[in-house]
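Subject: Structure handover

Hello,

Here is the structure we talked about, with its sequence. My notes on what turned up in it follow below.

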Amino acid sequence: RGQLAAAAHDNLLVVVALPVVVLLWFDALRRGPSPSRRWPAAARLAVLTALVAFTVLRNLAPFPLLRP
């Protein structure tokens with residue numbers, strides 16, 4: 001309900017990633033399906049690594065800003 005600061009405090013990754021995902025989804029809908037626009041393997045690995053790292057780091061003591 002417009003409480004971005006509270007949402008960012010609870011899960012920063014969702015607040016940052018959600019607009020990007022929505023924009024990519026709308027772009028894919030506008031252009032139509034195409035196997036040639038698939039993400040390179042390195043980009044997919046980088047996204048997966050970032051998601052796993054965020055999930056692990058937010059539960060460690062030295063990273064209190066990532067914790068909800």
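**Ala-17 and the largest pocket**

Ala-17 has a relative accessible area of 28%, so it counts as partly exposed. Please keep in mind throughout that this is a predicted model. Ala-17 is a residue of helix α2. Its C-alpha atom lies 10 Å from that of Leu-51, although the two residues are 34 apart along the chain.

Ala-17 and Leu-51 both belong to the lining of the largest pocket. The other residues of that lining are Leu-13, Val-16, Val-20, Val-21, Leu-24, Trp-39, Val-47 and Ala-50. Two elements give two or more residues each to this lining, namely α2 (12-31) and α3 (41-57). Of the elements, α2 gives the most, with six residues. The space in the largest pocket comes to about 200 Å³.

What classes of residue make up the lining of the largest pocket? Ten are nonpolar, and there are no polar and no charged residues.

**The chain as a whole**

The protein chain has three helices and zero strands, and read from the N terminus the order is α-α-α. For 68 residues the globule rule gives 11 Å, whereas the radius of gyration of the protein chain is 15 Å, well over that value, so the chain is more spread out than a compact globule. The C-alpha trace spans about 45 × 30 × 10 Å along its principal axes. Of the 68 residues, 4% count as buried.

**The second largest pocket**

The second largest pocket has a volume of about 160 Å³. Its lining consists of Leu-24, Asp-27, Ala-28, Arg-31, Ser-34, Arg-37 and Trp-39. By class, that lining divides into three nonpolar, one polar and three charged residues. Leu-24 and Trp-39 are also listed for the largest pocket.

One of the charged residues here, Arg-37, sits in the loop between α2 and α3. Arg-37 is partly exposed, because its relative accessible area is 37% and the partly exposed class runs between 20% and 50%. From Arg-37 to Leu-24 the C-alpha distance is 12 Å, and the two residues are 13 apart in sequence.

**Salt bridges**

How many salt bridges does a search of the whole structure find? There are two, and Asp-27, Arg-30 and Arg-31 are linked by them in a network.

In one, the side chains of Arg-30 and Asp-27 meet at 2.8 Å, N to O. Both residues lie in helix α2, three residues apart, which is about one turn of the helix. In the other, Arg-31 pairs with Asp-27, with the closest N and O atoms 3.1 Å apart. Arg-31 and Asp-27 are four residues apart in helix α2, so about one helical turn separates them.

Is each partner buried or exposed, or does it fall in between? Arg-30 has 63% relative accessibility and therefore counts as exposed, the cut-off being over 50%. Asp-27 has a relative accessible area of 25% and is partly exposed. Arg-31 is partly exposed as well, with a relative accessible area of 48%. Asp-27 and Arg-31 also help to line the second largest pocket, whereas Arg-30 is not listed in that lining.

**The aromatic pair**

A search of the whole structure finds one aromatic pair. Trp-25 and Phe-26 form it, with the ring centres 5.2 Å apart and 45° between the planes. The pair is classed as tilted, because the angle is neither under 30 degrees, as stacked would need, nor over 60, as edge-to-face would need. Phe-26 has 48% relative accessibility and so counts as partly exposed.

**In brief**

To recap, the second largest pocket has three charged residues in its lining, while the largest pocket has none. Asp-27 takes part in the salt bridge with Arg-30 and in the salt bridge with Arg-31.

Regards

Key
Residues are numbered from 1 along each chain as its sequence is written. This is a predicted model: local features need pLDDT of at least 70, side-chain atom pairs count only at pLDDT 80 or more; totals for chains, interfaces and linings use all residues. Side-chain values use heavy atoms; hydrogens and water are left out. Rings of Phe, Tyr and Trp (its six-membered ring) pair if their centres lie within 6.5 Å; planes under 30 degrees apart count as stacked, over 60 as edge-to-face and the rest as tilted. Buried means under 20% relative accessible area, exposed over 50%, partly exposed in between (1.4 Å probe, protein chains only). On a 1 Å grid over the protein atoms alone, a cavity is a set of points where a 1.4 Å probe fits but cannot get out, and a pocket is an open set with protein on both sides within 12 Å along at least five of seven lines; lining residues have an atom within 4 Å of a point. Grid points are joined across faces, edges and corners, and a volume is the space filled by probe spheres set on the points. Ala, Val, Leu, Ile, Met, Phe, Trp, Tyr, Cys and Pro count as nonpolar, Asp, Glu, Lys and Arg as charged, and the others, Gly among them, as polar. A salt bridge is a side-chain nitrogen of Lys or Arg within 4 Å of a carboxyl oxygen of Asp or Glu. The radius of gyration is taken over C-alpha atoms; the globule rule is 2.2 Å times the number of residues to the power 0.38.
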